[in-house]
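Please look at the sequence and the structure below, and keep both at hand while reading the report.

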Amino acid sequence: MTSETRSRLKDELLAQEREYLRAVQEQDGDAAARLTAPQALVVSGSGAMKVDGAAIRQMIQQHDAKRRYEIDESSVQVLDVKDDVAIIAYKLSTMNAGKNGEISEAYDTDVWVRGNGGWACALHAEIPASAGG
């Protein structure tokens with residue numbers, strides 16, 4: 001993969017991530033469902049669960065809209081697995097305006113699969129950042 005192709009893939013995936021975060025912040029369940037693969041996994045401190053568009057839509061509509069997200073672009077790593085599968089990982093800061101601006105940090109990893117409708121997220125995993133960095 002050339003550096004130009006790698007850069008283009010990184011830009012594409014970052015655009016998908018930003019669109020997903022926008023959907024979460026605005027409680028836009030339809031957009032989040034559209035960006036999610038028909039069968040996907042979500043992994044968090046609560047465990048792993050299989051989800052589909054309907055489950056994602058419901059999760060997003062119940063999400064705390066006071067949270068704001070910021071991707072640390074210097075931390076972004078992209079892996080081109082094959083033509084239609086790519087992985088992106090980065091550090092994400094979450095500010096919770098409802099909790100006096102409390103900020104938490106985590107490392108997010110998403111597996112994106114490209115199909116006829118564009119990219120769709122098949123796996124989202126989030127690991128809280130340790131206090132030591």
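The report goes from the overall build of the protein to its core and then to a few single residues.

## Overall build

The structure shown here is a predicted model, and its secondary structure comes to 3 helices and 6 strands. When the chain is read along the sequence, these elements follow the pattern α-α-β-β-α-β-β-β-β.

The C-alpha trace spans about 45 × 35 × 25 Å along its principal axes. A compact globule of 133 residues would have a radius of gyration near 14 Å, and the 15 Å of this protein agrees with that. If we consider contacts between residues at least 6 apart in sequence, 49% of them join residues that are at least 24 apart.

## Surface and charges

Buried residues make up 34% of the 133 residues, where buried means a relative accessible area under 20%. The protein exposes about 8,000 Å², and carbon and sulfur atoms supply 49% of this area.

There are 15 positive and 21 negative charges in the protein, and the mean positions of these two groups are 2 Å apart.

## The nonpolar core

The largest nonpolar core has 25 residues, and those with the most contacts inside it are L13, Y20, I56, I71, I88 and W112. Several elements each supply at least two residues of this core, among them the helices α1 (3-25), α2 (29-34) and α3 (53-61), together with the strands β1 (36-44), β3 (67-82), β4 (85-96) and β6 (118-128). The largest share, 7 residues, comes from α1.

Which residues does W112 touch, once its neighbours within four places in sequence are left aside? W112 is in contact with L13, Q16, E17 and Y20, with L35, with D84, V85, A86 and I88, and also with W119, A120 and C121. Of these partners, L13, Y20 and I88 are also listed, like W112 itself, among the residues with the most contacts inside the core.

## A120 in strand β6

A120, one of the partners of W112, has its place in strand β6. Is A120 buried or exposed? A120 is buried, because its relative accessible area is 14%, and the cut-off for buried is under 20%.

Leaving aside neighbours within four places in sequence, A120 is in contact with L35, T36 and A37, and likewise with V111, W112 and V113. A120 and V85 lie 35 residues apart in sequence, while their C-alpha atoms are 9.6 Å apart in space.

## Two loop residues, Q27 and H63

Q27 is found in the loop between α1 and α2, and its phi is near 50 degrees, which is a positive value in a residue other than glycine. With a relative accessible area of 32%, Q27 is partly exposed.

H63 is found in another part of the chain, in the loop between α3 and β3, and it is buried, with a relative accessible area of 17%. Not counting residues up to four places away in sequence, H63 touches V24, Q27 and Y69, so that the two loop residues discussed here are in contact with one another.

## E73 in strand β3

E73 has its place in strand β3 and counts as partly exposed, at 44% relative accessibility. With neighbours within four places in sequence left aside, E73 is in contact with K10, L14 and R18, and these three positions fall within the range of α1 (3-25).

E73 and M59 are 14 residues apart in sequence, and the distance between them in space, C-alpha to C-alpha, is 26 Å.

Notes: Residues are numbered from 1 along each chain as its sequence is written. This is a predicted model: local features need pLDDT of at least 70, side-chain atom pairs count only at pLDDT 80 or more; totals for chains, interfaces and linings use all residues. Side-chain values use heavy atoms; hydrogens and water are left out. A nonpolar core is a set of buried Ala, Val, Leu, Ile, Met, Phe, Trp, Tyr and Cys residues joined through side-chain atoms within 4.5 Å. Buried means under 20% relative accessible area, exposed over 50%, partly exposed in between (1.4 Å probe, protein chains only). Helices (H or I, at least four residues) and strands (E, at least two) are DSSP runs, numbered from the N terminus. Contact means heavy atoms within 4.5 Å. The radius of gyration is taken over C-alpha atoms; the globule rule is 2.2 Å times the number of residues to the power 0.38. Accessible areas come from the Shrake-Rupley method with a 1.4 Å probe; for residues, only the protein chains shown count as cover. Lys and Arg count as positive and Asp and Glu as negative; His and the chain ends are not counted. The place of a charge is taken as NZ of Lys, CZ of Arg, CG of Asp or CD of Glu.
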